[in-house]
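Here's a pair of exercises to work through with the model open beside you. Grab a viewer and have a go before reading each solution.

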Amino acid sequence: FYNADNTKECRPCDNSCVWCTGSGTGECKTCNDSSQYIQYESVDGEAGTCMDETNSAYKCHDNYYNSSGQQCRPCHGDCLRCSGPASTECISCTTASHWIQYGDAITSYGGCHAEATENNGCLTNYYRKADKECRPCHASCDTCEGPN
């Protein structure tokens, strides 16, 4: 139920919700089915749509990440899969031809960019580790073929 227009008159939520901010499907705060995830349309949204989890390890649908518990929040527009909302937290890119530029040698996320024309497809100060994957060179190097 939710408080309609602050009148203290409680109205029923959509059937998919237990708690909500309104009667629509995208206004759930908790889901009726405890196995479902709430998919928010904004990073700081307070209500969303109850969704079944995907069959992948990510639980959330494409363009969303599991922010905490059973909450799916939107990725940055560059990211198909991500670990957070920033453009540097992509696990895979929305544009299939883009490469991931990782922030260090071990993280599993980075920023998406178009393939560079030089340096084996990577931007300056990065080396190509795998297909469409660029890792940073050692801080003392301008170019490299590996992390050291």
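What follows is two tasks, each with a worked solution.

The model is predicted, so local features need pLDDT of at least 70 and side-chain atom pairs count only at pLDDT 80 or more, while totals for chains, interfaces and linings use all residues. Residues are numbered from 1 along each chain as its sequence is written, and side-chain values use heavy atoms, with hydrogens and water left out.

**Exercise 1.** Find which residues make up the largest nonpolar core.

*Solution.* Start with the rule: a nonpolar core is a set of buried Ala, Val, Leu, Ile, Met, Phe, Trp, Tyr and Cys residues joined through side-chain atoms within 4.5 Å. Buried means under 20% relative accessible area, exposed over 50%, and partly exposed in between (1.4 Å probe, protein chains only). Applying that gives ten residues: Tyr 2, Ala 4, Cys 13, Cys 17, Cys 20, Cys 28, Cys 31, Ile 38, Tyr 40 and Cys 50. A second, separate core has nine residues, among them Tyr 65, Cys 79, Cys 82 and Cys 112.

**Exercise 2.** Work out how exposed the two partners of the Asp 62–Arg 81 salt bridge are.

*Solution.* First, the pair itself: a salt bridge puts a side-chain nitrogen of Lys or Arg within 4 Å of a carboxyl oxygen of Asp or Glu, and Asp 62 and Arg 81 meet at 2.9 Å, N to O. Next, check the accessible areas. Asp 62 comes out partly exposed, at 37% relative accessible area. Arg 81, on the other hand, is buried at 12%. To finish, note that the structure holds four salt bridges; another one joins Arg 11 to Glu 9, at 3.4 Å between the closest N and O atoms.
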